Each structure stands twice: as C-alpha cells, then as structure tokens.
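Here are my comments on the model you sent round, set out as numbered points. Please read them with the coordinates open.

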Amino acid sequence: MILKAAINSDFSDFEDVVLYHSGIYAGVDGFVTRNSKDFKTASLPIYSPTELLRIIQEIKDN
C-alpha cells in the first residue's frame, strides 16, 4: 500500500516519498527535514529543525 502510493506519487526522491506515505499511514501531523525542497507537493506541514524548535519554544513559553 505505502510503496504503491510512493510509486504513483510525484515526489522526486523515492526515499522521501516512502517516508512521507509511511507518515501519512501512521497519522503524523507533519514532517521535520533539512531538505524541504523534496516535499514541495506534500499536503502535510513540512518544518525545518529550526522552525520546529521555535514552535516548541513558543508552546513551552505559553
């Protein structure tokens, strides 16, 4: 199921698309990567490590 979805996807990197569809299947809220350009067509939020740390800090401060 995941590999079929990956094969039929328009992602440019196969390993990233397998990770993405595995995350979709597992019900993740988003992805953290230093390589966001490979996730251009993603429907879930894509965060850089710096962005995620900022979000966590904002939540912690409130």
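1. On the surface of this predicted model, L3, I7 and F14 make up a nonpolar patch whose accessible area comes to about 330 Å² for the three together. I7 is part of helix α1, and F14 belongs to helix α2, which covers residues 14–26. I7 has a relative accessibility of 60% and is exposed, because the cut-off for that class is over 50%. F14, with a relative accessible area of 47%, is partly exposed. For orientation, the C-alpha atoms of I7 and L19 are 12 Å apart, with the two positions 12 residues apart in sequence.

2. Turning to the interior, which residues form the largest nonpolar core? The set has 7 residues, namely A6, F11, V17, Y20, F31, F39 and A42. A6, which lies in helix α1, is buried at 5% relative accessibility. Once the neighbours within four places in sequence are set aside, A6 is in contact with F14, V17, V18 and H21; of these contacts, F14 is also a member of the surface patch described above, while V17 is a member of the core. By contrast with these contacts, the C-alpha atoms of A6 and L53 are separated by 29 Å, the two residues being 47 residues apart along the chain.

3. F11, another core member, has contacts with D16, V17, Y20, D38, F39, T41 and A42 when neighbours within four places in sequence are left aside. The list includes V17, Y20, F39 and A42, which are themselves named in the core, and it also includes D38, a residue taken up again under the salt bridges.

4. The aromatic residues deserve a separate comment. A search of the whole structure returns 5 aromatic pairs. The ring centres of F31 and F39 are 6.1 Å apart and the ring planes lie at 25°, so this pair is classed as stacked, the limit for stacking being under 30 degrees. A reader who checks the geometry should keep both values in view, since a pair of aromatic rings is described by the distance of the centres and the angle of the planes. Both partners are buried, F31 with a relative accessible area of 9% and F39 at 4% relative accessibility. Together with F11 and Y20, F31 and F39 form one aromatic cluster, and these four residues are also listed in the nonpolar core.

5. How many salt bridges does a search of the whole structure find? The search gives 2. In one of them D38 is paired with K37, with 3.5 Å between the closest N and O atoms. The two partners differ in their exposure: D38 is buried, with a relative accessible area of 11%, whereas K37 is exposed at 56% relative accessibility.

6. The other salt bridge joins E58 and R54, whose closest N and O atoms are 3.3 Å apart. Both residues lie in helix α3 (residues 49–61), where a spacing of 4 residues places them about one turn of the helix apart. Here E58 is partly exposed at 41% relative accessibility, and R54 is likewise partly exposed, with a relative accessible area of 44%.

7. Near the start of the numbering, I2 is found in helix α1, which comprises residues 2–7. I2 has a relative accessibility of 25% and counts as partly exposed. Apart from residues up to four places away in sequence, I2 touches V18, H21, S22 and Y25; V18 and H21 also appear among the contacts of A6. The C-alpha atoms of I2 and I24 are separated by 9.1 Å, with the two residues 22 residues apart along the chain.

8. Finally, some remarks on the chain as a whole. The protein chain has 3 helices and 2 strands, arranged along the sequence in the pattern α-α-β-β-α. The C-alpha atoms fill a box of roughly 40 × 20 × 15 Å along the principal axes. Of the 62 residues in the chain, 19% are buried, and of the contacts with a separation of 6 or more, 15% involve residues 24 or more positions apart. The chain exposes about 4800 Å², of which carbon and sulfur atoms supply 55%.

Definitions and conventions. Residues are numbered from 1 along each chain as its sequence is written. This is a predicted model: local features need pLDDT of at least 70, side-chain atom pairs count only at pLDDT 80 or more; totals for chains, interfaces and linings use all residues. Side-chain values use heavy atoms; hydrogens and water are left out. Rings of Phe, Tyr and Trp (its six-membered ring) pair if their centres lie within 6.5 Å; planes under 30 degrees apart count as stacked, over 60 as edge-to-face and the rest as tilted. Buried means under 20% relative accessible area, exposed over 50%, partly exposed in between (1.4 Å probe, protein chains only). A salt bridge is a side-chain nitrogen of Lys or Arg within 4 Å of a carboxyl oxygen of Asp or Glu. Contact means heavy atoms within 4.5 Å. A nonpolar core is a set of buried Ala, Val, Leu, Ile, Met, Phe, Trp, Tyr and Cys residues joined through side-chain atoms within 4.5 Å. Patches are made of residues with over 30% relative accessible area and no salt bridge: like charges are joined within 9 Å, nonpolar side chains (Val, Leu, Ile, Met, Phe, Trp, Tyr) within 5 Å. Accessible areas come from the Shrake-Rupley method with a 1.4 Å probe; for residues, only the protein chains shown count as cover.
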